[in-house]
Amino acid sequence: MAAGLVVTAAAVLAAGPRETDQARGHPVADPVRERRAVQLVTAPVRIADGATVRLLRPGDRVDVIAAEQTATGGDARVVARGARVTKLPEALDTPEDAAGAGALVMLSVPRATAARLAGASTTARLAVTLC
């Protein structure tokens, strides 16, 4: 019996692995597609209610809502979801701040979302909700 094992082992070693042989067991998986990293930018956003901004802290997550006034009433839509608050700049006590122009908040968002925020701020009042 020992002689049979020696002969079998020698035959396996002589044959050796071939490059055309695939590993046994699990089949070879398709390569994983690389995901493109989302590039985040810091977007300054003026929120209509300055008192709401004073409730925020860096690191908070917020949704930004654009409320537009129309002839038939108001229309609101979410323009940014889960944006991270990065900074809350100090108010400068300028006449426009005193006039109720809201408060500035710096948000970390994908580049496309920053563009939507900039566009929405020109035609609507922006508000935030904590996530």
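This is a short talk on one sheet and the helix that packs on it in a predicted model.

Okay, some housekeeping. Residues are numbered from 1 along each chain as its sequence is written, and side-chain values use heavy atoms, with hydrogens and water left out. Since this is a predicted model, local features need pLDDT of at least 70 and side-chain atom pairs count only at pLDDT 80 or more, while totals for chains, interfaces and linings use all residues.

Let's start with the sheet. There are 5 strands in an open sheet, in the order β1-β4-β3-β2-β5, with antiparallel pairing. When I say strand or helix, I mean DSSP runs numbered from the N terminus: E for strands, at least two residues, and H or I for helices, at least four. Two strands pair if DSSP finds at least two bridges between them.

Which strands stand at the edges? Those are β1, residues 40-47, and β5, residues 125-130; each has a single partner strand, so one side of each is left without a neighbour in the sheet. From one strand to the next, the twist averages 40°. Angles here run from 0 to 180 degrees between N-to-C directions, with axes being lines fitted to C-alpha atoms, for helices over the stretch in contact.

Now the pairings. β1 runs antiparallel to β4, residues 103-110, and 8 bridges join them. Within that pair, Arg 46 has Leu 104 as its bridge partner, and Thr 42 is partnered by Ser 108. On to β3 and β4, which pair antiparallel over 3 bridges. There, Lys 87 is bridged to Met 106 of β4, and Arg 84 stands opposite Ser 108. Then β2 and β3 pair antiparallel over 9 bridges, with Gln 69 opposite Gly 74 in β3.

How covered is β4? Mostly: 6 of its 8 residues are buried. Buried means under 20% relative accessible area, exposed means over 50%, and partly exposed is in between, using a 1.4 Å probe and protein chains only.

Let me zoom in on Val 41, which lies in β1. Is Val 41 buried or exposed? With 19% relative accessibility, Val 41 counts as buried. Contact, by the way, means heavy atoms within 4.5 Å. Setting aside neighbours within four places in sequence, Val 41 has contacts with Leu 107, Ser 108, Val 109, Pro 110, Arg 111 and Ala 114. Take Ser 108: it is 67 residues from Val 41 in sequence, yet their C-alpha atoms are 5.6 Å apart.

Next up, helix α4. The buried residues of α4 pack against β1, β2, β3, β4 and β5. Which residues of α4 are buried? Thr 113, Ala 114, Leu 117 and Ala 120 are. Looking down the axis of α4, these buried residues fall within an arc of 130°, so they line one face of the helix; the arc is taken from the directions from the helix axis to the C-beta atoms. Over on the other side of α4, Ala 112, Ala 115 and Thr 122 are exposed.

Last residue: Thr 113, in α4. Thr 113 has 11% relative accessibility, so it counts as buried. Apart from neighbours within four places in sequence, Thr 113 is in contact with Val 79 and Ala 80. The side chains of Thr 113 and Arg 116 also share a polar contact of 3.1 Å. A polar contact is a pair of N or O atoms within 3.5 Å; within protein, one must be able to donate a hydrogen and the other to accept it, and residues adjacent in sequence count only if both atoms are side-chain atoms.
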